[in-house]
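Me: I have a chain to study. Please take me through it in short questions and answers.

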Amino acid sequence: MLRVVSWITWVTFQLTLVISGVVAKPPNILIFLADDLGYADLDWKDKSLHTPNLREYAFADGTAYLTNSYVLHLCTPTRSSLMTGYYPFRTGTQNGVFLPMERSGVPLDFPFLPQHLSKAGYRNYLIGKWHLGNCKRDFLPTARGFDYFYGYYSAQEGYFNHSLAFYDKHTDSMIGGLDLFTEVRGRPMADHTKNGVYATNLFTDEAIRIMSQHNRRDPFFMFLSHQSVHAPLQVPMQYRSFCNPLIMSKARHIYCGMLASLDESFGQVVKFLKESGLYDDTIIIFSSDNGGDPKAGASNLPLKGAKSSVWEGGCKTTTFIHSPKYIPGFGIRKDLFHVVDWHATLLGAAGVSIAKYGDGINQWPMITTGKSVGLRRNQMVYNIQPPLSALRNNDFKLVYESKGQTVTAGGRARLYHLPSDPFETRDIARQQPKLVRKLVKRLLEFQSVARPSVRTPIDPAGHPMRFGGAFSTGFCK
Ligand SMILES: [Ca+2]
């Protein structure tokens, strides 16, 4: 079913849980998302790192820890999947990431998660990274369901100057500008006042400020979409004191400091929730948008591959959900979970009666009970985009290398059995020809209905010179 579920379907929304005549308020939802966090990069996986707050809640009573949680290989595809509930090949976001000044955005015929949550009574806040298009107002966060946005539109910014610069080969020149905005009623307002304020601290403080002002009659969805630990490698010196420079490279030493800062942010947010009385009614989700980049200090070991690849190191991530009110005790969840599932899962957590949405499955019953109840995920698309595409079918993973720019028959197929070979070292395609044929056929079927990429070349009309020195909006229709 490729068509977007229509709004008519949402007539079936059960907006609140009604228990004994008392209308139960849905829980607050907080997604605390790291950017480019390596699979190995938490201190329970690498003791040289410093993430005590995340460790405490990752293994606390009230936590479900997902050991088979997957995202896409890059920022834009994962974030579009999180917002739409569809794989990127359905939405045209399967090919790389949106660059500044591109005339690109996630197609408007896909409702975003906060649009659906607002139907269930939520107020929706986005603090931090967007990266889903900004060439026109219709693509901006507050046009897609968020009631408030403070952050940046592109892939990255300087952690202190909140600006970015890149070389444009067409004009043989550097293009630079600010990328820090607040949106007021759909209108982006550049914030030139935060030069020198470290991004992780800035976004933490803003998230806490917004939650402290939230009207508690309504539930909130807070998407704290941190820049950390994405490049550039920048961190205040005091955070590096948690990391030993004698046992790590310079890049990893800085990265370790950035991660310590991110961990502090997590601790501050949870502390705020507890002190303000919001903690009991809030579901806290921690995850990353894709695997780490070793050149930027990250590690995905012992997994194969890294950010921007469909190997496990690019797409498998650390995820836990903490909510003592809904999750009894501590539990490991081994079920397959994909970022497209969050859309249906969080609607389920919000009390909406929903089994699936888009490509996703409501896995809230599995998360809360630890039992394989309701629909289960046994298949998954890693991505479909040359040169490497990949599919999951239960324990098996097909990695398909295309010869050209489109996925066609005749490419090289590799097959891995992940339970016995989690590091993808033994290609068993020759031992399983029937399964390989079946999965290649499925891949080609998906490719045949894929939406063409929405990526475009960058447009000089988006030059910061036209917008007071900022990468702003209003240069496409
Ligand atoms: Ca990322």
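Reply: UniProt positions follow the numbering used here, feature names are shortened, and annotations may be inferred rather than shown by experiment. Residues are numbered from 1 along each chain as its sequence is written. The model is predicted: local features need pLDDT of at least 70, side-chain atom pairs count only at pLDDT 80 or more, and totals for chains, interfaces and linings use all residues.

Me: Which residues does UniProt give to the domain "Sulfatase N-terminal"?

Reply: The feature comes from an unreviewed UniProt entry. Over its span the chain is 27% helix and 22% strand (DSSP runs numbered from the N terminus: helices are H or I, at least four residues; strands are E, at least two). The span is residues 27-352.

Me: Is Trp342 buried or exposed?

Reply: Trp342 lies in helix α9, residues 341-349. Buried means 20 or more other C-beta atoms within 10 Å of a residue's own, exposed 12 or fewer, partly exposed in between, with C-beta atoms placed from the backbone. Trp342 has 25 such neighbours, so it counts as buried.

Me: Why does the largest nonpolar core lie between domain 1 and domain 2?

Reply: A nonpolar core is a set of buried Ala, Val, Leu, Ile, Met, Phe, Trp, Tyr and Cys residues joined through C-beta atoms within 7 Å. The largest one has 125 residues, and Leu398 is among those with the most contacts inside it. Domain bounds come from an automatic or database domain assignment. The core lies between the two because both give residues to it: domain 1 (7-378) and domain 2 (385-448).
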